[in-house]
Structures are given as structure tokens and as C-alpha cells.
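Q: Before we go through this model together, could you show me how to read its features one at a time, giving the general idea and then the case at hand?

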Amino acid sequence: MKPKNSAVKGKYRPVNIYKTPEDSYIYRSHWERRFMLYCDRSDSIIYWSNEQYHVPYVSPKDGKWHNYYPDFYIKYVDKKSDTREKIVEIKPAYQKSWDVNRAKWKYAQEWCADQGYEFQVLTEKELF
């Protein structure tokens, strides 16, 4: 049985404080908390942070510029022992079709490409 992503809010305090710049983070879902635990505990994650960057985007709702704060930045070592960097967004699968999210992610993909980062949206399908 997959856990529900009920609206929760809490504070996560990393155990491996050398891997992250903050001593605590606010999570807004069980799924974000679960990803924080993964980042904190995983040997392949070198560094991680929550909402570290902002990406300007044009909203399809009002045609104006807004700032999007992706959930996570991670720096990790892949299976080939290469160091990689990625921006990760955690969202329920049903929100992947929302126009505003698709606009945010389009701009985030372009921004990440300019930075040499990957961009990935994780849903409950990938997390569980």
C-alpha cells in the first residue's frame, strides 16, 4: 500500500550535516520528508539542499513572470563514479498535467541545461 501524500508540514534535521548547508529544512509532504531522508542517508549523495535555487518562469495563468523554487538540488556520484548535479521536484502524478507545472518545468529544464544540471520530477510512482 502506497502512503498518501496528505498535506503535512514539519521540520527535518539532517544527521549528516556535512552534506548540506542548513541544520534543518521544512518539508511540505511525507514524500519530501522521505526524499530528505534518502539524501541524508545515501552514500551516493555528496551534497543536497532544499529550495536552494529559483527559476524565473512565465505563468500560463496570467502571462507574467514568477519565481519557481524547485524542491531539491543534489550533487551525487553515479554508477560510473562520475559526479553529477540535479534539480529534483517532488509532485503527485496527477499534477504533472497542470499547465502551470508544465511551464515551471519547461523553464527549469532550460535553466538546468545552462547550469550543466539535470532536471527530474519524481512522483509517488518513482518514490515508492
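Q: Which residue in S5 is the bridge partner of Pro56?
A: A strand is read through its partners across the sheet, and in this predicted model the bridge partner of Pro56 in S5 is Asn67. That pairing belongs to a set of 4 bridges that join strand S4 (residues 55–58) to strand S5 (residues 65–68), the two strands running antiparallel. The hairpin of S4 and S5 has 6 residues between the strands, and within this hairpin Gly63 takes a positive phi near 70 degrees.

Q: Which side chains of strand S4 point to one face and which to the other?
A: The idea is to follow the side chains residue by residue along the strand. In S4 they alternate, with Val55 and Tyr57 pointing to one face, where they are buried, while Pro56 and Val58 point to the other face and are not buried. Tyr57 can also be placed relative to a helix residue, since its C-alpha atom is separated by 8.5 Å from that of Lys106, although the two are 49 residues apart along the chain.

Q: Over the face of which residue does Lys106 lie?
A: Here one looks for a charged group above an aromatic ring, and Lys106, which lies in helix H2 (residues 99–115), is over the face of Tyr107, at 4.6 Å from the ring centre. The side chain of Lys106 also meets that of Glu110 in a salt bridge, at 3.6 Å from N to O, and the two residues are 4 apart in helix H2, about one turn of the helix. Lys106, at 43% relative accessibility, counts as partly exposed, and Glu110 is likewise partly exposed, with a relative accessible area of 41%.

Q: How many salt bridges does the count come to, and which residues are linked in a network?
A: One counts the pairs and then asks whether they share members; the count comes to 5 salt bridges, and Asp78, Arg84 and Glu118 are linked in a network. Within that network, Arg84 forms a salt bridge with Asp78, the closest N and O atoms being 3.3 Å apart. Arg84 is partly exposed at 33% relative accessibility, whereas Asp78 is buried, with a relative accessible area of 15%. Another salt bridge is formed by Lys91 and Glu89, with their closest N and O atoms 3.2 Å apart; Lys91 is buried at 19%, and Glu89 is buried at 2%.

Q: With which residues is Thr123 in contact, leaving aside its neighbours within four places in sequence?
A: For a loop residue, burial and contacts are best read together. Thr123 lies in the loop between strand S8 (118–122) and helix H3 (124–127), and at 1% relative accessibility it counts as buried. Leaving aside those neighbours, Thr123 is in contact with Lys91, Pro92, Ala93 and Lys96.

Q: How many aromatic pairs are there, and why does the pair of Tyr25 and Trp48 count as tilted?
A: The count comes to 13 aromatic pairs. The rings of Tyr25 and Trp48 have their centres 4.9 Å apart and their planes at 40 degrees, so this pair is tilted. Because Tyr25 lies in strand S2 (residues 25–29) and Trp48 in strand S3 (residues 45–50), the pair ties together parts that are 23 residues apart in sequence. Tyr25 is buried at 4% relative accessible area, and Trp48 is buried at 0%.

Q: Which residues do ring pairs link into a cluster?
A: The cluster consists of Tyr12, Tyr25, Phe35, Tyr38, Trp48 and Phe72, linked by ring pairs.

How values were computed: Residues numbered from 1 in each chain as written. Predicted model: local features only at pLDDT ≥ 70, side-chain atom pairs only at ≥ 80, totals over all residues. Heavy atoms only, no water. Phe/Tyr/Trp six-rings, centres within 6.5 Å; stacked < 30°, edge-to-face > 60°. Buried < 20%, exposed > 50% of the residue type's maximum accessible area, 1.4 Å probe, protein only. Lys NZ or Arg CZ within 6 Å of the ring centre and 35° of its normal. Pairing = 2+ DSSP bridges. Contact = heavy atoms within 4.5 Å. Salt bridge = Lys/Arg side-chain N within 4 Å of Asp/Glu carboxyl O.
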